Amino acid sequence: MRLLVRQFSTTRRVLSHIGSAPIKYTSEVQITHANEQFSLTDSRYFDKTTLKVTGPLGNRTMPIEPYVKLVFTEPVRAGSEHELVVSVKDSTMKKQRQMWGTTRALINNCVIGVTEGFSATLRFVGVGYRAAIEKDKLVLRLGYSHPITMTIPQGLNVSVPVPTRVLVSGIDLQHVKLFAAKIREWKKPEPYNQKGIFINDETIVKKDGKKK
């Protein structure tokens with residue numbers, strides 16, 4: 001006797017907690033999704049469309065995957081916020097599910113960048129460690145036989161309020177963090193004397209030297 005077993009699907013709808021959260025922005029920000037290639041020369045972006053975010057501090061563009069859907073909601077009354085909801089065509093596919101949250105986070109960073117901006121503060125800890133702006137370049141003196149001169153990337157603002165502090169700011173979070181990391185590379189914090197270049201509230205655990 002054949003036993004017939006009825007099978008039920010236990011697959012639930014897959015959601016992204018980050019991706020499904022709406023992005024809220026004020027009327028001073030304009031977000032447009034153009035149905036045009038993000039790049040005409042780089043083959044990695046031939047199938048991606050262009051999202052442009054404009055605000056008081058500048059504008060940002062980013063590529064949008066073909067399976068990502070953007071739904072804009074106008075404010076219901078004057079003075080209220082606009083909303084942008086990000087979704088994907090098939091949330092059961094791993095790649096789409098991963099890019100769902102990532103795309104939402106990147107768009108939100110664009111909105112923050114053009115309204116508030118991003119910044120990183122570098123602290124110089126060590127005898128004689130200091131920085132200065134000379135001829136539109138960042139000059140570091142870190143105990144080497146010669147000063148280190150760094151070209152400030154376009155789109156970033158770099159200031160030295162005091163010789164032991166460097167402030168890097170801009171509308172692109174990735175560029176701010178990358179340049180701050182490049183500065184830190186010249187004198188990474190070491191755990192024995194706790195000297196070096198620290199980013200923001202960075203701390204390290206002090207290690208004891210070798211005992212004789």
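# Reading the sheets, helices and confidence of a predicted model

Trainee: I'm looking at helix H2 (residues 173-185), which lies across S9 and S10 and runs at about 170° to S10. In what order do the strands of that sheet come?

Mentor: Keep in mind as we go that this is a predicted model. The general idea: strands of a sheet pair through backbone hydrogen bonds, and the pairing is either parallel or antiparallel. Here three strands make up an open sheet, ordered S8-S9-S10, with antiparallel pairing. Strand S8 (130-134) and strand S10 (148-151) are at the edges with a single partner strand each, so each has one side left without a neighbour in the sheet. From one strand to the next, the twist averages 25°.

Trainee: And how many bridges join S8 to S9?

Mentor: Five bridges, with S8 and strand S9 (residues 137-141) running antiparallel. For a spot to click on, try Ile133: its bridge partner in S9 is Leu138.

Trainee: Now the sheet with S2, S3 and S4. Which strands stand at its edges?

Mentor: Start with the order, which is S2-S3-S4: three strands in an open sheet, paired antiparallel. Strand S2 (30-37) and strand S4 (58-64) are the edges; each has a single partner strand, so one side of each lacks a neighbour in the sheet. The average twist here is 20° from one strand to the next.

Trainee: What packs on the sheet?

Mentor: Helix H1 (residues 94-115), which touches S2, S3 and S4 and whose direction makes about 170° with that of S4. As for the pairing itself, S2 and strand S3 (residues 49-55) run antiparallel and are joined by six bridges. You can find Thr32 opposite Lys52 in S3.

Trainee: Let's do side chains. Which residues of S12 point to one face and are buried?

Mentor: The general idea first: in a regular strand, side chains alternate between the two faces of the sheet. In strand S12 (residues 165-170), Val166, Val168 and Gly170 are on one face and buried, while Arg165, Leu167 and Ser169 point to the other face and are not buried.

Trainee: And which strands does S12 pair with?

Mentor: Look at S7 and S11. Strand S7 (residues 118-125) pairs with S12 over six bridges in the antiparallel sense; Leu122 has Val166 as its bridge partner there. Val166 is also one of the buried residues of S12. Strand S11 (residues 156-162) is antiparallel to S12 too, through five bridges. In that pairing Leu156 stands opposite Gly170, and a hairpin of two residues connects S11 to S12.

Trainee: Single residues next. Is His82 buried or exposed?

Mentor: The cut-off for buried is under 20% relative accessible area. His82 has 13% relative accessibility, so it counts as buried. You'll find His82 in strand S6 (residues 82-88). Leaving out neighbours within four places in sequence, the contacts of His82 include Ile23, Lys24, Tyr25, Thr26 and Ser27, and also Thr73, Glu74 and Pro75.

Trainee: Where is the place of Tyr192?

Mentor: Tyr192 belongs to the loop between H2 and strand S13 (196-199). With 44% relative accessible area, Tyr192 is partly exposed. Its C-alpha lies 8.7 Å from that of Val205, with the two positions 13 residues apart in sequence numbering.

Trainee: Zooming out, how many helices and strands are there in the protein chain?

Mentor: Two helices and 13 strands. The radius of gyration is 24 Å, well over the 17 Å that the globule rule gives for 212 residues, so the chain is more spread out than a compact globule. Its C-alpha trace spans about 85 × 55 × 40 Å along the principal axes. Of the 212 residues, 32% count as buried. The chain exposes about 14500 Å², with carbon and sulfur atoms supplying 51% of that area. For contacts with a separation of 6 or more, 49% come from residues 24 or more positions apart.

Trainee: Last one: where in the protein chain is confidence lowest and where highest?

Mentor: The general idea is that where pLDDT is low, predicted coordinates should not be read in detail. For the whole chain, the mean pLDDT is 89, and 91% of residues reach 70 or more. Going by helices and strands, S2 is lowest with a mean of 92, and S12 is highest at 98. Residues 1-11 have pLDDT below 50, and in the model this stretch has zero contacts beyond near neighbours in sequence.

Terms used
Residues numbered from 1 in each chain as written. Predicted model: local features only at pLDDT ≥ 70, side-chain atom pairs only at ≥ 80, totals over all residues. Heavy atoms only, no water. Pairing = 2+ DSSP bridges. Helix = DSSP H or I, 4+ residues; strand = E, 2+ residues; numbered from the N terminus. Axes fitted to C-alpha atoms, helices over the stretch in contact; angles between N-to-C directions. Contact = heavy atoms within 4.5 Å. Rg over C-alpha atoms; globule rule 2.2 N^0.38 Å. Buried < 20%, exposed > 50% of the residue type's maximum accessible area, 1.4 Å probe, protein only. Areas by Shrake-Rupley, 256 points an atom, 1.4 Å probe, with all protein chains shown as cover. pLDDT = per-residue confidence, 0-100.
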